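Open the model in your viewer and keep the selection tool at hand. Each stop below says what to select and what is there.

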Amino acid sequence: MKKYNFSAGPAVLPREVIEKAAASVLNYNNSGFSILEVSHRSKDVVAAMDQAIALVKELYGLSDEYEVLFLQGGASTQFFQIPMNFLNEEETAGYINTGAWSKKAIKDAKAYGKVNVVASSEEQNFNYIPKNISIPSDLKYLHYTSNNTIFGTQFQSLPETDVRLICDMSSDIFSKPIDVSRFDLIYAGAQKNMGPAGVTLVIVKKSALGTVSRYVPVMLDYRTHIENVSMYNTPPVFAMYVFYVNIAVDQR
Ligand SMILES: Cc1ncc(COP(=O)(O)O)c(C=O)c1O
């Protein structure tokens, strides 16, 4: 009997997706191989990835200024990969502290540059989303967590500012239309709204990259993954494939 798991994540996948994923483990697209054995550079895998990227672009109506990446290390890796790629030591980034995940992002950002926590609901155990926030205009970016998975609070609109936005949308991505043009980067671990754990979706504005002077390790530089269409190293093919099947089923 199928049982439903209502926890925040990893979340339930449609039966059709599970069946297709299971079939691909036994015999991927009648290739005679399991998807667990095929090369990430094989024709069918590359085609599935290309379609997954196209579907994400279609869902959010992304312009060519944005790239869609499938990365590893979970949303938690984005906590440090973002400031490493976006924030010079002498620059200041704004962070809104609305829960455990924001706190972790703030902690990591402090290792790379200056952090201005422009608003926080910590004094009331994160039971509200701060309003009427005063946001300096000279911030490199403003980071927030659109839905606070643990505390159950959610931003109902984008922060009011001209500062470029960066958002952890791990637990509400694709739940509503958003104006992506306000963002330099959006990230989300797949396991809540999109697929299985093991892959993190990153949507990044190309022109916002390349502004830091520090050395960024090749594997952590977003431009590496743009140039290599998320296949610089061996990607988690199965997780990416299930992501693709799920998003394709959802879109029908
Ligand atoms: C809002 C939010 N951000 C980040 C994370 C961490 O994601 P990951 O486990 O993919 O590193 C979670 C996980 O529950 C989350 O809910």
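Select β2, helix α4 (residues 100–109) and β3: in this predicted model the three make a right-handed β-α-β unit. β2 spans residues 92–97, and β3 spans residues 114–120. The two strands pair in the parallel sense over six bridges. For one of these pairings, pick G94; its bridge partner in β3 is N116.

Now look at α4 alone. The helix packs on the sheet and touches β2, β3, β4 and β7. Its direction makes about 160° with that of β2.

Stay on β2. Is this strand mostly covered or mostly open? It is mostly covered, with five of its six residues buried. Add strand β4, residues 142–145. β4 runs parallel to β2, and two bridges join them. Here Y95 stands opposite H143 in β4.

**The whole sheet**

Widen the selection to the seven strands of the open sheet. Walk across in the order β1-β9-β8-β7-β4-β2-β3. The pairing is mixed. At the edges stand β1 (66–71) and β3. Each has a single partner strand, so one side of each is left without a neighbour in the sheet. Averaged over the sheet and ignoring direction, neighbouring strands are turned by 20° against each other.

Start at the β1 edge. Select β1 together with strand β9 (residues 200–205). They run antiparallel and are joined by six bridges. Click L69: its bridge partner in β9 is V202.

Next, move to β8, residues 183–189. How many residues of β8 are buried? Seven of the seven are, so the strand is largely enclosed by the rest of the structure. On one pairing, β8 meets β9 in the antiparallel sense over five bridges. On another, four bridges join β8 to β7, and these two run parallel. I186 takes part in both pairings: it is the bridge partner of C167, and its own partner in β9 is I203.

**Helix α3 and Q78**

Show α3, residues 74–86. This helix lies across β1, β2, β7 (165–168), β8 and β9. It runs at about 160° to β8.

Within α3, select Q78. Is its side buried or exposed? Q78 counts as buried because its relative accessibility is 0%, below the 20% cut-off. Turn on polar contacts. The side chain of Q78 makes one with the side chain of Q81, at 3.0 Å. Another, of 2.5 Å, joins the side chains of Q78 and Y222.

Then expand around Q78. Leaving out residues up to four places away in sequence, Q78 touches L71, P83, Y187, T200, V202 and Y222. Two of these names tie back to earlier stops. Y222 is also the polar partner of Q78, and V202 is the bridge partner of L69.

**Two stops off the sheet**

Select H40, in the loop between α1 and α2 (43–60). H40 counts as buried because its relative accessibility is 13%, under the 20% limit. What does H40 touch, not counting residues up to four places away in sequence? The contacts are V45, V46, M231, N233, T234, P235 and V237.

Jump to K2, in the segment before α1 (15–26). K2 counts as partly exposed, because its relative accessibility is 41%. Draw a C-alpha to C-alpha distance from K2 to R15: the two are 9.1 Å apart in space and 13 residues apart in sequence.

**Zoom out**

Show the full protein chain. It has six helices and nine strands. Its C-alpha atoms fill a box of roughly 60 × 45 × 30 Å along the principal axes.

How does the radius of gyration sit against that of a compact globule? With 252 residues, such a globule would have a value near 18 Å; the protein chain has 19 Å, which agrees.

Colour by burial. Of the 252 residues, 49% count as buried. Finally, draw the contacts between residues at least 6 apart in sequence. Of these, 61% join residues at least 24 apart.

Terms used:
Residues numbered from 1 in each chain as written. Predicted model: local features only at pLDDT ≥ 70, side-chain atom pairs only at ≥ 80, totals over all residues. Heavy atoms only, no water. Buried < 20%, exposed > 50% of the residue type's maximum accessible area, 1.4 Å probe, protein only. Polar contact = N/O pair within 3.5 Å; in protein donor to acceptor, adjacent residues only side chain to side chain. Contact = heavy atoms within 4.5 Å. Pairing = 2+ DSSP bridges. Right-handed = clockwise from strand over helix to strand, strands pointing away. Axes fitted to C-alpha atoms, helices over the stretch in contact; angles between N-to-C directions. Rg over C-alpha atoms; globule rule 2.2 N^0.38 Å.
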